Amino acid sequence: MSRVKVGIIGAGRIGKLHAENLVKMHRVELKAISDLFAGHIREWADRIGIPVVTDHYQNILHDKEIQAILICSPTDTHVPIITEAAKAGKHIFCEKPISFQLEQTKQALEAVKETGVKFQVGFCRRFDQSLKKAHQTVKEGKIGQPHLLRITSRDPHPPTKEYVAASGGLFFDMAIHDFDMARYLVGSEVEEVFAQGAVLIDPMFAECGDVDTAVTTLKFSNGAIGVIDNSRKAVYGYDQRVEVFAANGCVTVENARPTTAAISTAEGVLLDKPKYFFLERYNEAFVQEMADFIESILDDKEVPVTGHDGLQAELIARAAQKSFAEKRPVKIAEIMSAAQV
Ligand SMILES: NC(=O)c1ccc[n+]([C@@H]2O[C@H](COP(=O)([O-])OP(=O)(O)OC[C@H]3O[C@@H](n4cnc5c(N)ncnc54)[C@H](O)[C@@H]3O)[C@@H](O)[C@H]2O)c1
């Protein structure tokens, strides 16, 4: 097998992005895409060269030629699609989070395990070269035992009310990337979570039962402690910075900017704002994420982000929600035992 035949389910923001990356890869044949509004995407699909467009994702699962699928539909559709796709023997790439319910995530992962198909979760930031280097630096012991982790993760503008209402909340929708990054950078599981949240940007978040600003502190099994700050609106653009401070040094990743030009005048020094949002900041990471998924199928390697990784991030998100609601630190063990995962 020298090329993988792929189908995509869901052609919104992220489905289209993956499609446009996959059609450029020589080891991939992007055969089909499905969306509830197939009529709206036909012209775009023709233009980029996807032969089959359908409004029923089952048509993709029933296509015997298709070996792998991407699940890019809204989160509340993921679990039934994963279960059906695994039964149909398709390798699966599923966007984050796997689901909003830990019990359902567990059920999906069991279906995957039973059939032995590959299953990768869409934590795209792990494929960013700078964050990967920070991870490798810690993993190779170059800065010694990690003591502190600091992640700043702020969006340039808030999503719509419609999006927020269906998003699962800031901890599941947005901070979940940071929870995964925290495990990836520190190289240890999270044991305890304490979260604070506030509505400071738009009362719409409160109307949806959500927050727009949060600080989450984490205690890791290896003794390190971490803090993540999230905001839904940073007026200067997508603010994505990390630092791991350790016994023998520290590693930091700063914001990426469209250019490195610095304009100095009598008034001061002017730099570009950070790259605007995730599509710009993680553009190359999204390409690498797909390339690695395809490689894991063709070369029969382990996928780089597993179902276990997906579940761990969701456990932290659930603990953060509970901690915020009950105003107390919450252990991951408590969440695991309540959800029986
Ligand atoms: N990795 C990332 O950085 C990242 C970024 C954005 C979104 N996501 C995740 O990707 C998923 C989709 O998010 P989005 O922002 O692209 O949403 P979106 O609303 O832009 O797109 C979802 C698309 O799925 C379609 N759809 C709905 N039900 C379907 C079904 N049963 N079969 C086929 N298509 C169906 C909708 O018509 C829509 O076009 C979510 O799980 C989200 O959390 C991940």
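This is a short talk on two helices, a ligand shell and a sheet in one structure, and I should say at the outset that the model is predicted.

Let me begin with helix 1, which runs over residues 13-22, and whose buried residues are Ile14, Gly15, His18, Ala19 and Leu22. If you look down the axis of helix 1, these buried residues fall within an arc of 135°, and therefore they line one face of the helix. What lies over them? The cover of these buried residues includes strand 1 (4-9) and strand 2 (28-34), together with helix 2 (38-48), strand 4 (68-71) and helix 12 (283-298).

Helix 1 also leads us to the ligand, since the largest share of the shell around the ligand, three residues, comes from this helix. The ligand is surrounded by 22 residues, and the closest are Gly10, Gly12, Arg13, Ile14 and Glu95. You may notice that Ile14 has now appeared twice, as a buried residue of helix 1 and among the closest residues to the ligand. Taken by type, the residues of the shell divide into 10 nonpolar, eight polar and four charged.

Now let us turn to helix 6, residues 129-139, in which Ala134, His135 and Val138 are the buried residues. Seen down the axis of helix 6, they fall within an arc of 100°, so here too the buried residues line one face of the helix. Which residues are exposed on the other side of helix 6? They are Gln129, Lys133, Gln136 and Lys139. The buried residues of helix 6 are covered by elements that include strand 7 (146-154), helix 9 (175-186), strand 11 (239-246) and strand 12 (249-253). After helix 6 comes Gly141, and the phi of this glycine is positive, near 75°.

Three of those covering strands, 7, 11 and 12, take us to the sheet, which is open and is formed by seven strands in the order 12-11-7-10-9-8-15, with mixed pairing. Strand 12 and strand 15 (330-331) stand at the edges, and because each has a single partner strand, one side of each is left without a neighbour in the sheet. Further in, strand 7 and strand 11 pair in the antiparallel sense over eight bridges, and, to take one residue, Ser153 has Gln240 in strand 11 as its bridge partner. Finally, helix 13 (residues 307-326) packs on the sheet, where it touches strand 8 (190-198), strand 9 (213-220) and strand 15, and the direction of helix 13 makes about 50° with that of strand 8.

Definitions and conventions
Residues numbered from 1 in each chain as written. Predicted model: local features only at pLDDT ≥ 70, side-chain atom pairs only at ≥ 80, totals over all residues. Buried ≥ 20, exposed ≤ 12 C-beta atoms within 10 Å, placed from the backbone. Helix = DSSP H or I, 4+ residues; strand = E, 2+ residues; numbered from the N terminus. Arc of directions from axis to C-beta. Contact = placed C-beta atoms within 7 Å. Near = placed C-beta within 6 Å. Nonpolar A, V, L, I, M, F, W, Y, C, P; charged D, E, K, R; others polar. Pairing = 2+ DSSP bridges. Axes fitted to C-alpha atoms, helices over the stretch in contact; angles between N-to-C directions.
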